[in-house]
Amino acid sequence: MSDENCFYKNGLSFECQRCSDCCRLSPGVVYLSKNDLTRLSEWFKISQVDFIKNYCRWVQYYGNKEALALLEKKNYDCVLWDQGGCQAYGARPVQCSTYPFWSWILQSEQSWNEEGASCKGINSGRLRSRQEIDEQKFLYEHNLPITRDLESDN
């Protein structure tokens, strides 16, 4: 995106308010990449197989695929969220750590401000540079989830 067409060429303000609204009380999917799975299983000091068994689910993904994602509790809280925040904050998935610098949120100033209606940290706090924002966006876009083909019912 050229500088003149980039609404955040002078940066954007964002500071997480630690409200946990993005982690709980509404449905969502947190996809896990191989690197995410490795970091999380090491954080909890369990095997990747055990981490998947205790903390993950397979969800419909593009085409005839499923993707590995974190479980949600019955009230839609993330399985890693507990009173006071994320149990794995230091090893949280890239999807979580790059929020709100996701491609679809950065499409336009309108989409940024619309997301701000549900996130108190958007347009407040520290000014993030365009370079920092683009780096986070790149990490988000290139953090591909673990997928598997769905078996056909034939």
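1. Phe7 in this predicted model has a relative accessibility of 24% and therefore counts as partly exposed, since the buried class ends at under 20% and the exposed class begins at over 50%. Its ring pairs with that of Tyr8 in an edge-to-face arrangement, with 5.4 Å from centre to centre and 85° between the planes. Tyr8 has a relative accessibility of 1%, so Tyr8 is classed as buried. The pair thus joins a partly exposed ring, Phe7, to a buried one, Tyr8.

2. The aromatic pairs number 11 in total. Another of them is formed by Phe101 and Trp112, whose ring centres are 5.9 Å apart; the planes meet at 15°, which is under the 30 degrees cut-off, so this pair is stacked. Phe101 sits in the loop between H3 and helix H4 (109–116), while Trp112 belongs to helix H4 itself. The two residues are 11 apart, and the pair is a link between distant parts of the chain. Phe101 and Trp112 are both buried.

3. Ring pairs also build a cluster, whose members are Tyr99, Trp102, Trp104 and Tyr140. Two of these names return in the pockets: Tyr99 is among the residues closest to the centre of the largest pocket, and Tyr140 is among those nearest the centre of the second largest.

4. Which peptide bond is cis? The bond between Tyr99 and Pro100 is cis, with omega at about 5°. Pro100 is placed in the loop between H3 and H4, the loop that also holds Phe101 of the stacked pair. As background, most peptide bonds are trans.

5. The largest pocket encloses about 1000 Å³ of space. Its lining comprises 45 residues, and those closest to the centre are Asp21, Cys22, Cys23, Cys96 and Tyr99. By class, the lining has 23 nonpolar, 12 polar and 10 charged residues. Strand E5 (85–86) and helix H3 (94–97) are the elements that each contribute at least two lining residues. H3 contributes the most, namely 3 residues.

6. The second largest pocket has a volume of about 270 Å³. There are 13 lining residues, and Tyr31, Tyr61, Tyr140, Asn143 and Pro145 are the ones nearest the centre. Two or more lining residues come from each of H3 and helix H5 (130–141). The lining consists of 8 nonpolar, 4 polar and 1 charged residues. H3 therefore appears in both accounts, as a contributor of at least two residues to the largest pocket and of two or more to the second largest.

7. An open sheet is formed by 3 strands in the order E2-E3-E7, with antiparallel pairing. Strand E2 (56–60) and strand E7 (147–149) are the edges, each pairing on one side only. From one strand to the next, the twist averages 35°.

8. How many bridges join E2 to E3? There are 5, and the two strands run antiparallel. Within this pairing, Arg57 stands opposite Ala69 in E3. E2 and E3 make a hairpin with 4 residues between them. Gly63 lies in the turn and has a positive phi of about 60°.

9. On the other side, strand E3 (residues 65–70) is joined to E7 by 3 bridges, again antiparallel. Ala67 faces Thr147 in E7, and Lys65 has Asp149 as its bridge partner in that strand. E3 is mostly covered, with 5 of its 6 residues buried.

10. Positive phi values outside glycine merit a look. Most residues other than glycine have a negative phi. Arg18 is not a glycine, yet its phi is positive at about 55°. Arg18 belongs to the loop between strand E1 (12–14) and helix H1 (34–44). With a relative accessibility of 54%, which is over the 50% cut-off, Arg18 counts as exposed.

11. Lys45 is another residue other than glycine with a positive phi, here near 55°. Lys45 lies in the loop between H1 and helix H2 (48–55). Is this residue buried or exposed? Its relative accessible area is 74%, so Lys45 is exposed.

Notes. Residues are numbered from 1 along each chain as its sequence is written. This is a predicted model: local features need pLDDT of at least 70, side-chain atom pairs count only at pLDDT 80 or more; totals for chains, interfaces and linings use all residues. Side-chain values use heavy atoms; hydrogens and water are left out. On a 1 Å grid over the protein atoms alone, a cavity is a set of points where a 1.4 Å probe fits but cannot get out, and a pocket is an open set with protein on both sides within 12 Å along at least five of seven lines; lining residues have an atom within 4 Å of a point. Grid points are joined across faces, edges and corners, and a volume is the space filled by probe spheres set on the points. Ala, Val, Leu, Ile, Met, Phe, Trp, Tyr, Cys and Pro count as nonpolar, Asp, Glu, Lys and Arg as charged, and the others, Gly among them, as polar. Two strands pair if DSSP finds at least two bridges between them. Axes are lines fitted to C-alpha atoms, for helices over the stretch in contact, and angles run from 0 to 180 degrees between N-to-C directions. Rings of Phe, Tyr and Trp (its six-membered ring) pair if their centres lie within 6.5 Å; planes under 30 degrees apart count as stacked, over 60 as edge-to-face and the rest as tilted. Buried means under 20% relative accessible area, exposed over 50%, partly exposed in between (1.4 Å probe, protein chains only).
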